[in-house]
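User: Please take a close look at chain B in the structure shown here. I should like to understand its overall build, its metal site, its pairs of charged side chains and its contact with the neighbouring chain.

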Amino acid sequence: MLGQIIKKQALILLRNPVQLLLLIGLPMILIAILGTALGSWMNGDSIEINLKVALIEHETEEEQVARFVSDMDKARLPEEAVVAIKESAIETAPIRMLKDVFVSEELSEMIVLHEVNPSEKQDVLDDDSYAALIEVPENFTYETLNEIFLDEESSINLQVFQNEQQEIGANIVGQILQQFGEQLTLGVFLADQGIDQRAMQVDVDELDSEVTVVNQGNPVSSKAYYTIGMVVMNVLFMATAIGTISFNEKQTHVFDRIILANVSRWVYFTGVLITGMIFAFIQSMLVFAFAWIVFDITWPNLFSFFIVTLSLSISVGGIAVLLTAVSYRFHSEVLTDFFSSIIVTMMAFLGGSFFPIGDSSKILQVIGNLTPNGAGMSAYLSIIRGDAMVAISNHIVYILLFAITSIIIAVLSFPRRGVSA
Amino acid sequence: MLELVDLTKRFKQNEAVKNLNMFIEKGEIVGLLGPNGAGKSTAISMLSSLVEPTSGDVRYNNKSILRNPGPIREVLGMVPQEIALYDDLSALENLQFFGRIYKLKGKELQIKIAEVLEQIGLTDRKKDIVKTFSGGMKRRLNIGVAMLHDPEIIIMDEPTVGIDPQSRNYILETVKRLNEEKQMTVLYTSHYMEEVEFLCDRIYIMDQGNLIASGTKEEIKQILSSEHTISIKADRWNDRFIEKLKNNPTIHRVKVEDREITIVVPKEVNMFATLAKMAEEADLELRSVDINAPTLEDVFLHLTGRALRD
Ligand SMILES: Nc1ncnc2c1ncn2[C@@H]1O[C@H](COP(=O)(O)OP(=O)(O)O)[C@@H](O)[C@H]1O
Ligand SMILES: [Mg+2]
């Protein structure tokens, strides 16, 4: 029985060449256009990281350390303490430590630190090749040392100017400084405890996944990016196509005929769900096959690839039954129309189908991954970059949860008895 | 066999069917007559278990089908008022799909489909997509789909709406044949008097949710038995003759048309002699004088004061 319903849905879909062209041909065309037209822009700063960072010091650090040391001589502290503090103060000079971080082996590969005269500050700010400018105000080292060793409050902070044109780079610098700051505070704590804190360094592995991902993984070509973007967007249209076919069955009363043949409405419901899944899967596979043949888009891990495609297809089935159930309940196709005309576009936009929107802000990234297409996209991108299964499992779990939630809401809203006189 | 007991359906304020009582016996063709909006489709939807009644009961072989619609669904063929077909599939594909959901398969299904196609006269067009069919062909297929599983009872909801007279006759003949050859029980809904009059043994007349008359054709026409309609034909009229008709106290109504005058008189009065005398006095030559038997149309008019078709 289920088989009959699925077969019939397939037949109806196949009888609509325009619909098919939109579902399968359009993504292919879009991949070709977007992948080619936006290729150079895509490759800009998201794949290889090569950052320039400027550092401006208003006063040399040695002078300030010397000032601190001479203060210590005048201080009325036990002789031994004074000697110990002087020694570690020389080693704790924060700006020197910061420079060490930037020239460390891990970071020097992607970041070049330029020391710049204060007078050139405006030039650097105007120069888009810099990802960030770090400005050390006067007295910074002196006050920091006082804070560390003598527990005096300091109100002076490093000033960081981030270049909004280079969001990823600026983010990375921000994260490095944040880690550095945390360790410096930790240093204050360690010094308080009289523990040596020379072993200070920024742990590159702990920099956010954003950095590691773009830094370590295989590069993602713009064609691959748009293949994924268009697939995850266009499977949503499959959900609306199936939803429309189902609602049409109610409109034309063939659904009544199915019910009168004593077929349970839940068999019908399951038929819609499975049709949505199967067709989304076939649709994805066709577009991916096209991308493989024409653009040579291949997958390093086919197993993960199939799992993601399957999960995404299940969520498409979920959306299809949800749209069906709601349109049956309210006897109106308004929601399905709204979904296909507006919501899909929004979801595609947030999910990153058009450009990597998540790169520009953490919040948008989180929101994007809350859409099934966005989560699917992140998972596919991870696979192409060669990440392990663990990196994509979160997304898969989320997609499946989304699918289950949709199905449950659909079950609850599917009308018990057709009220169609 | 099939009974509606005090069946009522309310849609918000609107009471579409009010306390309807009906029965259908095996082998009968029963007509359900009423103008648009009378509540016919709603009654049928409840009868076929598609819509739950607000109150009342539907009984098939003395068992309520409200909770357990299985038995009625098995024996029922439903021809909905709308054309409930897949427009994008061929006639054959439609029949195959609906046959299979009625659990027919293989050879049995094939034979049944061939038989139905023959009955509805679409054998030659079976491979064509329904979209390309004329209204009449769609209507015929709409009926065919309901006959695949050899239903004991077939319910037809205005199956001839909006089609050409030829297709209409074809459908009416098909229904009659199914009833005669297969003893199929038929509930035939229509707002065309002549269809119901042609097909049905017993008739229910509904108006605005109420049952306003029921019985055999003869019983219903008895309602009008006290009067006769007489039509008089002539090549032309003169005022003297019309004056005489209007002044005659036994004649209730006079309607003058180009070549025909209709009058309504009590049944017991013999008008022939009177009319002949009047014509002679008025110097008029009559072509014919006919007594018309009442039609259901007349009955409806009599009962509601309104014509059936508006
Ligand atoms: N689903 C519904 N919701 C609200 N009102 C309805 C519905 N179905 C029918 N009606 C109303 O019930 C009345 C009877 O309709 P219907 O049974 O279709 O009449 P008929 O078939 O005799 O033309 C009409 O006034 C119609 O507007
Ligand atoms: Mg109707």
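Analyst: The following account takes these topics in turn, beginning with how the model is to be read.

This is a predicted model, in which local features need pLDDT of at least 70 and side-chain atom pairs count only at pLDDT 80 or more, while totals for chains, interfaces and linings use all residues. Residues are numbered from 1 along each chain as its sequence is written, chains are lettered from A and ligands numbered from 1 in the order in which they are written, and side-chain values use heavy atoms, with hydrogens and water left out.

The overall build comes first. Chain B contains eleven helices and 14 strands; these elements are DSSP runs numbered from the N terminus, helices being H or I runs of at least four residues and strands being E runs of at least two. Along the principal axes, the C-alpha atoms of chain B fill a box of roughly 80 × 45 × 35 Å. Of the 310 residues in chain B, 53% are buried. Here buried means under 20% relative accessible area, exposed means over 50%, and partly exposed covers the values in between (1.4 Å probe, protein chains only). Of the contacts in chain B with a separation of 6 or more, 70% are between residues 24 or more positions apart, contact meaning heavy atoms within 4.5 Å.

The metal site is next. The magnesium ion (ligand 2) has the protein donors B:Ser41, through OG, and B:Gln81, through OE1, at 2.0 to 2.1 Å. These two donors are 40 residues apart and link distant parts of the chain: B:Ser41 belongs to helix H1 (residues 40-47) of chain B, and B:Gln81 to the loop between strand S6 (76-79) and helix H3 (91-101) of chain B. Donors are N, O and S atoms within 2.8 Å of the metal (3.2 Å for Na, K and Ca), and because water is not among the atoms, sites may look incomplete. B:Ser41 is buried, at 17% relative accessibility, whereas B:Gln81 is partly exposed, at 26%.

The charged pairs follow. Side chains of opposite charge can pair when their charged atoms come close. The rule for a salt bridge asks for a side-chain nitrogen of Lys or Arg within 4 Å of a carboxyl oxygen of Asp or Glu. The structure holds 24 such salt bridges over all chains, and three within chain B may serve as examples.

In one of them, B:Lys26 meets B:Glu152 at 4.0 Å, N to O. This pair spans 126 residues and links distant parts of the chain: B:Lys26 is in the loop between strand S2 (14-24) and strand S3 (29-33), and B:Glu152 is in the loop between helix H5 (135-147) and strand S7 (153-157) of chain B. B:Lys26 is exposed at 54% relative accessibility, and B:Glu152 is partly exposed at 32%.

In another, the closest N and O atoms of B:Glu115 and B:Lys182 are 2.7 Å apart. B:Glu115 lies in helix H4 (residues 106-119) and B:Lys182 in helix H6 (residues 165-182) of chain B, so this salt bridge ties together parts that are 67 residues apart in sequence. B:Glu115 is partly exposed, at 29% relative accessibility, and B:Lys182 is partly exposed, at 34%. A network of salt bridges links these residues with two others, its members being B:Lys112, B:Glu115, B:Asp150 and B:Lys182.

A further salt bridge joins B:Glu281 and B:Lys277 at 3.9 Å, N to O. Both residues lie in helix H10 (residues 271-281) of chain B, four residues apart, which is about one turn of the helix. B:Glu281 is partly exposed, with a relative accessible area of 41%, while B:Lys277 is exposed, at 56%.

The contact with the neighbouring chain remains. It takes 35 residues from chain B and 26 residues from chain A. About 2,700 Å² is buried between the two chains, and carbon and sulfur atoms give 60% of that area; buried area is the accessible area (1.4 Å probe) that two parts lose on being put together, summed over both. The rule finds one salt bridge across this interface, formed by A:Arg15 and B:Glu93, whose closest N and O atoms are 2.7 Å apart. On the side of chain A that touches chain B, the elements giving two or more residues are helix H1 (2-14) and helix H13 (254-260) of chain A.
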